[in-house]
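Me: I have a model open and want to go through one pocket and the helices around there. Can you take my questions as they come?

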Amino acid sequence: MSIIKEIHVPDIGDFKNVDVIEVTVAVGDIIDVDTPLIMLESDKATMEVPSSLLGVVREIKVKAGDKVSQGDLILYLDVAESVSAPERPSVVTETAAASGTGEAREVRVPDIGDFKNVPIIEVLVAPGDHVEIDTSLIVLESDKASMEVPSPFAGTIQSVEVKVGDPVSQGDLILVLRESGADAAAKPQLPDTLSVVTLAPRTPKPASAPPPPPVKSMPMETAAPSFAKVHASPSVRRFARELGVDLTRLAKGSGPKGRILKEDVQGFVKQVMSGALAPTAPATGGVAGGGVLNLLPWPEVDFAKFGPVEAKPLSRIKKLSGANLARNWVMIPAVTYHEDADITDLEAFRLQINKEGEKSGGVKLTMLAFMIKACVRTLQRFPEFNASLDGENLIYKQYYHIAFAADTPNGLVVPVVKDADKKGVFDIAKETGELAKKARDGKLGPADMQGACFTISSVGGIGGTYFSPIVNAPEVAILGASKSVMKPVWDGKQFAPRLILPLSLSADHRVIDGALATRFNVYLAQLLADFRRVLL
């Protein structure tokens, strides 16, 4: 016996009325879980909608050219009764239900933001272990931070499906555990998304229908302009961009209907490396008559022949962030502008407030908190700095999330103070202190490091005079702050001792020219010299 099921458009983020550019199944087709049903294309990306069930296609309700949004009906699927109940992420067997031993639960990687293929650096549990809700199961480490994945259930581990070194993304299976009867009765039923934090609403369904299994997350990937008519999935497009491959040079793929597969991209790269094909300039940076970077190979040196050596591996954060830094350094035509800010009065005010103590509620004001607040005001005055370059468009942001570089034993990480324009300096000082501690302890989560508009890199606690910070794409500027020093400054009558803070502003010259960058620096220095200007 079979049951007819409706398959709807799942959660596709904030996108609505997205064009259907291809229907990849037909009536009568037998499809499996994750079989692509339709392909959507917005002005930003192409994405596939996979099936959440296996069965036979009975009726298709969309066609190429239609516009769909989350919750719209795609097709009717004839599903065998034995698989009509939700298959994921939990299964309740008749034996388990009868014996009262609880439900078998699949625990999957929750929403970890935009991070994908994050390596597992530690597995904290083993089969047979009993875990409580929020017990840490595995530790992940991206190029920005380490993060722990907690258990959303209490129970006994039946099997662990991952190991150290495995790369995982949202939705990947971590382990299977069985809730005890007491565990299941002690708490309400949890959502079947198994995410630590559920960020998006579930797809609406008729009240009479049982809840469907969660569909795979489909991140909206920005496609390069030259990829617009390429027949390839978002994951293959992303893979090609990471390797710098122009997919338009692959005339036809080896997949169904000429779809370009990952193997096709790898084969193309091998041909280029062997000399069978000539490389081309990157689509984002090439110009007519221009060339590509024709660099000499990295020198191979046997350092041991010159004396004793010791090899130590780079930390994972340094290894992974190095690729981002190299890309930003090569692709962003950044110029650094320097300015001195007189913070004599501001520093005296800060020390006075901290000495009073009771007004701050125990929070110690830091110069970083004042700098963040001053940067917000300066970004409001010069909105080009609160923007990102997207092809030929400049995206102006209406929010003010300020990142700051935090020094940790494993390298620099960059937590973000969200909505800094809506917070006072005491709130900012408290939040930066908490984020810095989480960074040192390796406890920063993805949400703590995403969405920044502008970054401050302060080395003043260590020393230094001026430096050239690297712009952190997709931001267009970054501010460096060095150690403040007392200097003699001519006031028109005499030299007076003044506390001077050296500022170094690196800016993307494609968006910000020298005059605008200098005005930004001068205005910021004025705010720090007389903080009352922030109120104007």
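Reply: First, a term: helices here are DSSP runs of H or I with at least four residues, numbered from the N terminus. Also, this is a predicted model.

Me: Fine. Which element gives the largest share of the lining of the second largest pocket?
Reply: That is α8, with 5 residues.

Me: And what is the volume of that second largest pocket?
Reply: About 700 Å³.

Me: Which elements give two or more residues to its lining?
Reply: The helices are α6 (344-356), α7 (367-381) and α8 (425-440). The strands are β22 (406-408), β25 (454-458) and β28 (495-508).

Me: How many residues line the pocket, and which lie nearest its centre?
Reply: The lining has 30 residues, and L368, S458, V459, G460 and G461 lie nearest the centre.

Me: What is the lining like by class?
Reply: It has 16 nonpolar, 9 polar and 5 charged residues, with glycine put among the polar ones.

Me: On to the helices. At what angle do α7 and α8 pack?
Reply: At about 120°, with the axes 8 Å apart. Perpendicular would run from 65 to 115 degrees and antiparallel starts over 145, so α7 counts as oblique to α8. The crossing of the two is right-handed.

Me: Which residues meet there?
Reply: From α7, they are L368, A369, F370, I372 and K373. From α8, they are V425, I428, A429 and T432. By class that contact has 7 nonpolar, 1 polar and 1 charged residues. L368 also appears in the list of residues nearest the pocket centre.

Me: What about α7 and α9, how do they pack?
Reply: Helix α9 covers residues 514-529, and α7 packs with α9 at about 135°, axes 9 Å apart. That makes α7 oblique to α9 as well. α7 passes α9 in a right-handed crossing.

Me: Which residues make that contact?
Reply: On the α7 side, F370, M371, A374, C375, R377, T378, L379 and R381. They meet F520, Y523, L524, L527 and L528 in α9. The class count is 10 nonpolar, 1 polar and 2 charged residues. F370 of α7 is also in the contact with α8.

Me: Changing topic, backbone oddities. Where is the cis peptide bond?
Reply: Between A473 and P474, with omega at about 10°. P474 lies in the loop between β25 and β26 (477-481). β25 is one of the strands in the pocket lining.

Me: And which residue has a positive phi although it is not a glycine?
Reply: N117, with phi at about 50°. You will find N117 in the loop between β10 (104-108) and β11 (118-123).

Definitions and conventions
Residues numbered from 1 in each chain as written. Predicted model: local features only at pLDDT ≥ 70, side-chain atom pairs only at ≥ 80, totals over all residues. Heavy atoms only, no water. 1 Å grid on protein atoms, 1.4 Å probe; cavity = no way out; pocket = protein on both sides within 12 Å on 5 of 7 lines; lining within 4 Å. Points joined across faces, edges and corners; volume = space filled by probe spheres on them. Axes fitted to C-alpha atoms, helices over the stretch in contact; angles between N-to-C directions. Parallel < 35°, antiparallel > 145°, perpendicular 65-115°, else oblique. Left-handed = near helix turned anticlockwise from the far one by under 90°. Contact = heavy atoms within 4.5 Å.
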